[in-house]
Amino acid sequence: MNDIYLDPAKLPVHMDVELSNKCNLRCRFCHLSYFEPEENGQFSFADFKKKIGPILPHLKSITLFNKFEALTCRDFIPIFNFLSEFEIETYFSTNGLLLDTYILDAIVGKLTYLTVSISGFTEESYRKNMSTNGYITLREKLTALNRLKKSRKTRYPILRISTVG
């Protein structure tokens, strides 16, 4: 197999990677409420490793989403575990409803920043904005995140909240 030479001077220091073009919600303010992607797609771990892997040693930071829900990627955990092998600042944004114990176990202490979109700070406003009754579930998942951070004695991921009025 031929090795590919990557000239570090010509590589980016930051990369945004869309792991999936799906979302589990249809929030009233989101572009997905107005159109559907022509095809559903997502990175497999093998493709991520092959296509993005060679660039990782040269990056300072990577964002694992752009417009869609990163956690809908079925290979999110192996991809994230692979990324964790590099000294890279990592970040993604989520609506938080897919944060399960496996994902929390993978990201706590390793992910640098996690933004959770919470457009509504009461059950009623959350349901209106996010088009789901997930307010209580989200609070439980964020509580589990903070408990795990405390038990592992880590501040990571640093939690950020995003909201639309």
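The protein chain exposes about 9700 Å², and carbon and sulfur atoms supply 51% of that area. Keep in mind that this is a predicted model. Of the 165 residues in the chain, 43% count as buried.

**The overall fold**

Five helices and five strands make up the regular elements of the protein chain. If you follow the sequence from its start, you meet them in the pattern β-α-β-α-β-α-β-α-α-β. Contacts across the sequence are common here: among contacts with a separation of 6 or more, residues 24 or more positions apart account for 70%.

**The sheet**

The five strands form an open sheet with the order β1-β2-β3-β4-β5, and their pairing is parallel. Strands β1 (14–16) and β5 stand at the edges with a single partner strand each, so one side of each has no neighbour in the sheet. On average, neighbouring strands of this sheet are turned by 15° against each other, direction ignored.

For a look at one pairing, start at β1. Three bridges join β1 to β2 (residues 61–63), and the two strands run parallel. Within this pair, M15 stands opposite I62 in β2.

**The nonpolar core**

I62 also appears in the largest nonpolar core, which has 39 residues. I62 is listed there with L19, F48, L56, F76, F92 and I107 as the residues with the most contacts inside the core. Several elements give two or more residues to this core: α2 (76–83), β3 (89–94), α3 (101–107), β4 (113–117) and α5 (135–151). Of these, α2 gives the most, with five residues.

What does L19 touch, leaving aside residues up to four places away in sequence? Its contacts are Q42, F43, F48, L64, A70, C73, F76 and I79. F48 and F76 are, like L19, among the residues with the most contacts inside the core.

**The salt bridge**

How many salt bridges does a search of the whole structure find? There is one. It joins D105 and R152, whose closest N and O atoms are 2.2 Å apart. The pair links distant parts of the chain, 47 residues apart: D105 lies in helix α3, and R152 lies in the loop between α5 and β5 (158–162). As a general point, side chains of opposite charge can pair when their charged atoms come close.

Are the two partners buried or partly exposed? The table shows both.

| Residue | Exposure | Relative accessible area |
|---|---|---|
| D105 | partly exposed | 43% |
| R152 | partly exposed | 34% |

Conventions. Residues numbered from 1 in each chain as written. Predicted model: local features only at pLDDT ≥ 70, side-chain atom pairs only at ≥ 80, totals over all residues. Heavy atoms only, no water. Core = buried A, V, L, I, M, F, W, Y, C linked by side-chain atoms within 4.5 Å. Buried < 20%, exposed > 50% of the residue type's maximum accessible area, 1.4 Å probe, protein only. Helix = DSSP H or I, 4+ residues; strand = E, 2+ residues; numbered from the N terminus. Contact = heavy atoms within 4.5 Å. Salt bridge = Lys/Arg side-chain N within 4 Å of Asp/Glu carboxyl O. Areas by Shrake-Rupley, 256 points an atom, 1.4 Å probe, with all protein chains shown as cover. Pairing = 2+ DSSP bridges. Axes fitted to C-alpha atoms, helices over the stretch in contact; angles between N-to-C directions.
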